[in-house]
Structure formats: structure tokens, C-alpha cells
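Trainee: I should like a close look at one part of this model, namely a pair of packed helices. Please set out the geometry and the residues involved.

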Amino acid sequence: MPRISAATNAAQRADTQRRILTAFGELLFSHGLPGLTMTDVARHAGVGRTAVYNYYADIEELLISYALEETEKFLTELRDALSRLDNPVERLALYVRAQVEDLTRRHLPPGPAMGAVLSPSSFAKLADHVGELSVLLQGILLDGMDQGYLPAADVGQQSQLILGTLSSSAARGSDEPSELEARVARTVRFIQLGAGARFDDDGRPVRLAPLRAVAG
């Protein structure tokens with residue numbers, strides 16, 4: 001009988017864990033978190049319930065692992081997309097669109113709402129990743145203010161209001177593509193205008209006032 005190498009064992013474990021996380025994400029999307037059990041996840045993943053417990057102690061640990069992985073992936077893709085845009089108002093639009101679409105797709109309790117379903121210690125594990133999303137948004141707002149596209153404001157307070165609006169938008173309405181697109185477009189423009197952005201007749205962002213020349 002051929003021996004199973006360590007590399008093969010590691011690959012098999014990684015594949016099983018991936019199937020479990022994928023199954024969990026699909027069940028979150030189709031059924032939501034309330035009432036979801038480890039047995040449900042095992043059945044959907046096509047593995048034994050014991051196999052799920054080999055990786056995760058309970059549904060909360062599975063949720064935090066899924067949330068961390070998805071948030072890290074989302075952050076990487078979002079940063080890459082934002083790096084291709086120069087105008088801060090357009091970057092704000094991309095951020096808003098990406099957040100609403102992602103929150104709608106994943107059906108995870110967003111931001112502070114996670115505190116209602118996680119223990120304090122588990123929620124703390126998410127704090128850095130959730131905080132990175134807020135820091136990214138604050139950076140976009142600051143760029144908009146520095147470049148004259150947005151009026152000066154408290155970026156911390158403004159980012160909290162925006163993130164709350166994103167969570168509300170993601171939780172409302174149909175996921176049917178045309179309705180989702182209309183909802184995303186409304187949310188994008190609502191947040192841009194709420195942040196103080198203004199546009200010309202062709203819909204392009206305009207500076208609120210000319211930038212002052214730097215003496216030198």
C-alpha cells in the first residue's frame with residue numbers, strides 16, 4: 001500500500017477546511033446565521049460532523065474564521081482597485097459600491113453588528129480588520145478634503161455615518177441584479193453628496209474651490 005505523504009495530508013486537510021468554509025458561506029447566504037448549526041455545515045460540505053469539529057470548536061469560531069478570511073480577501077482586492085483611481089470622489093464611489101455588494105453577497109452581520117452575535121473575545125479578533133476598512137475610508141475622505149473635492153469635516157464621525165448607511169443599504173431590498181444595481185447607484189450618490197461632493201453637468205466631480213498655490 002502506498003504511503004500518504006505529509007504534503008498529501010496537508011493538502012487534504014486544506015481542501016476539507018476550504019469545503020467547510022465554502023459551505024458555511026453558502027448557508028449564510030441562503031439561510032442566514034440564526035439557527036445555523038455545525039451539522040448543517042457538515043451536511044452541506046459533504047463531510048462528517050466530527051470533521052467540522054476537528055477544525056472549529058463551535059459555530060462562533062467558524063463564523064470568525066470565515067469573517068477574517070473574507071475580510072482579508074476583500075481588503076486586498078479593494079486596495080488594488082482603489083490604487084487605479086486618482087480622484088477621491090471616484091474612489092469613494094468605488095469603496096461604497098464594493099462594500100454594499102460585498103455585504104449583500106456575504107450576508108455577514110456588518111461592522112459593529114457583529115458584536116451582537118459574537119463574544120467580546122471573538123469580536124476583538126475582528127477589530128483590526130474592521131478597523132482597516134474604517135481607516136481606508138477615512139483616508140479617502142481626507143484625500144478629498146485635501147484636494148478640495150470635499151468640505152472639511154470630522155472624518156471619524158463621517159466615516160461612522162457612512163459605514164452605518166452601507167450596512168443599512170446592504171440589508172434592504174432585493175438581490176436581483178437590476179434592483180441591486182439601482183440600490184447601489186442610489187447609495188453611492190447619496191453618500192457622495194452627503195460627504196459634500198459636487199458634480200458638473202456631465203456628472204464629473206468638481207473642486208469646491210481652486211487649490212491655493214503653495215508658496216516657495
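Mentor: What follows describes one helix pair and the residues that meet in it. This is a predicted model, in which local features need pLDDT of at least 70 and side-chain atom pairs count only at pLDDT 80 or more, while totals for chains, interfaces and linings use all residues. Residues are numbered from 1 along each chain as its sequence is written, and side-chain values use heavy atoms, with hydrogens and water left out.

Two packed helices are described by the angle between their axes and the distance between the axes. Helix 4 (residues 59-82) packs against helix 6 (residues 120-146) at an angle of about 20°, and their axes are 10 Å apart. Helix 4 is therefore roughly parallel to helix 6 (an angle under 35 degrees between N-to-C directions, on a scale from 0 to 180). Their crossing is left-handed, meaning that the near helix is turned anticlockwise from the far one by less than a right angle.

On the side of helix 4, the contact (heavy atoms within 4.5 Å) involves E60, I64, A67, L68, T71, E72, F74, L75, L78, R79 and L82. From helix 6 they meet S122, K125, L126, H129, E132, L133, L136 and I140. By class, the residues of this contact divide into eleven nonpolar, three polar and five charged (Asp, Glu, Lys and Arg count as charged).

Two of these residues, L82 and I140, also touch R91, which lies in helix 5 (residues 88-106). R91 counts as buried because its relative accessibility is 14%, buried being under 20%. Leaving aside neighbours within four places in sequence, R91 also contacts L85, D86 and D143.

Terms used. Helix = DSSP H or I, 4+ residues; strand = E, 2+ residues; numbered from the N terminus. Parallel < 35°, antiparallel > 145°, perpendicular 65-115°, else oblique. Buried < 20%, exposed > 50% of the residue type's maximum accessible area, 1.4 Å probe, protein only.
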